[in-house]
Amino acid sequence: MNTRTIFLVAGARPNFMKVAPLLHQMGRYPEVFRSKLIHTGQHYDAGMSDVFFEDLELPQPDRFLGVGSGSHAEQTGKVMMAFEKVCLEDHPDLVIVVGDVNSTMACAITAKKLCIPVAHVEAGLRSRDWTMPEEVNRVVTDAISDLLFTPSLDANDNLLREGVSPERIHFVGNVMIDSLLAYLPKVQRRDTLQRFGVTRHNYATMTLHRPSNVDDRRVLAGIIDVITEFSQTLPILWPVHPRARKMLEQFKLLGLLDHGNGVKLIDPLGYLDMLALNRSARLILTDSGGLQEEATVLGVPCITLRENTERPVTIEAGCNHVAGNEPAGIRGAIDSALNRNGAEIRTPELWDGRASQRIVEVLRQFLLRPGAEVRA
Ligand code: UD1
């Protein structure tokens, strides 16, 4: 009788492993939550979306908004228009958004303007780098969300410094790590390493997709220069993001990677294969946010090819080295990472596989609090 309709929004690849444990946990309380998965369609390729539904055993989305790619304004606007329509049809009692992609911000704004409460999972992270579209998405989403679920205490500090009242902030840990820990046993039985012709600790993995790295020919060519050199020591497996592939082609850089060096370009991987490769890698090179966190829990040294990170807890844990994207910095970071074996890496507080349980407990209390009406 008291069942509440909850919209859980996923749009792009890094969202799927965050919504999966939340859906699962809400499913334990059918008398409270009627959850609906809304896929905005920001990512739509089989390799960027479908495979994650299979690997993470996600149900088909209740709604698929099909917005696709576009400029930031175009994509954000399309998500808002399509999402407003489903909100008006289904009257959710709460909208949950995760992470920091355009779909996150677009759905948070839309819901808030319809006076629907918003919960943001992975709130409070700050790079303080306003050239990152994600930083804008994070700050806007946090400013308007009713419930802010943080993965680390630095995120609480950031929110408090911005004047957010403490009652809105809930330190719950990292939902992405809930998925990682849940699927690790399955990953251990996979033949991924054999399929890619590598053995444990004898290769590195790399991912790149940020505009700051792939949209600038000079920067991208510099990174390729360092990794082709390094790949003589340790082969590198590089699952290439569609944006990076497009730019490699446009800048005619694919030829540099085609000369029998140890860099192997592969298609984007599903969740389980990627986890299998990262778990056994000697080193991870990345500009992704999520991968810095996964590396920390897997105990694999990580080099971040950016000038900053919104996830300083991964540095404090002894895992992550923010190296920038210039060759000299990357070379130095690789040298020092190869002298470490990962044994000194610590798991951050509450990254224990139970973040989604904590979130769902807070949501139950929020939805069932005296005076919280079921919407018509
Ligand atoms: C988005 C997120 C970023 C996240 C990343 C993970 C924003 C602002 N950025 O960046 O935070 O880390 O996802 O991948 O929301 N494309 C395809 N197929 C797809 C999706 C995209 O080919 O399924 C291509 C299109 O050419 C598109 C480009 O990739 O123009 C970029 O996609 P987009 O979603 O705009 O941003 P990402 O770079 O993927």
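In the predicted model, six strands (strands being DSSP runs of E, at least two residues long, numbered from the N terminus) form an open sheet in the order 10-9-8-11-12-13 with parallel pairing, where two strands pair if DSSP finds at least two bridges between them. Strand 10 (263-266) and strand 13 (320-322) are the edge strands, each pairing on one side only, and neighbouring strands are turned by 20 degrees against each other on average, direction ignored. Axes are lines fitted to C-alpha atoms, for helices over the stretch in contact, with angles from 0 to 180 degrees between N-to-C directions. Helix 12 (residues 271-279; helices are DSSP runs of H or I, at least four residues) packs on this sheet, touching strand 8, strand 9 and strand 11 (283-286), and its direction makes about 130 degrees with that of strand 8; contact means heavy atoms within 4.5 Å.

Seven strands form an open sheet in the order 3-2-1-4-5-6-7, again with parallel pairing. Strand 3 (63-64) and strand 7 (169-171) stand at its edges with a single partner strand each, so one side of each is left without a neighbour in the sheet. Strand 1 (residues 4-10) pairs with strand 2 (residues 33-39) over seven bridges, with F7 opposite K36 in strand 2. Helix 4 (residues 102-113) lies across strand 1, strand 4 (94-98) and strand 5 (118-121), at about 160 degrees to strand 4.

Residues are numbered from 1 along each chain as its sequence is written, and side-chain values use heavy atoms, leaving out hydrogens and water. Because the model is predicted, local features need pLDDT of at least 70 and side-chain atom pairs count only at pLDDT 80 or more, whereas totals for chains, interfaces and linings use all residues.
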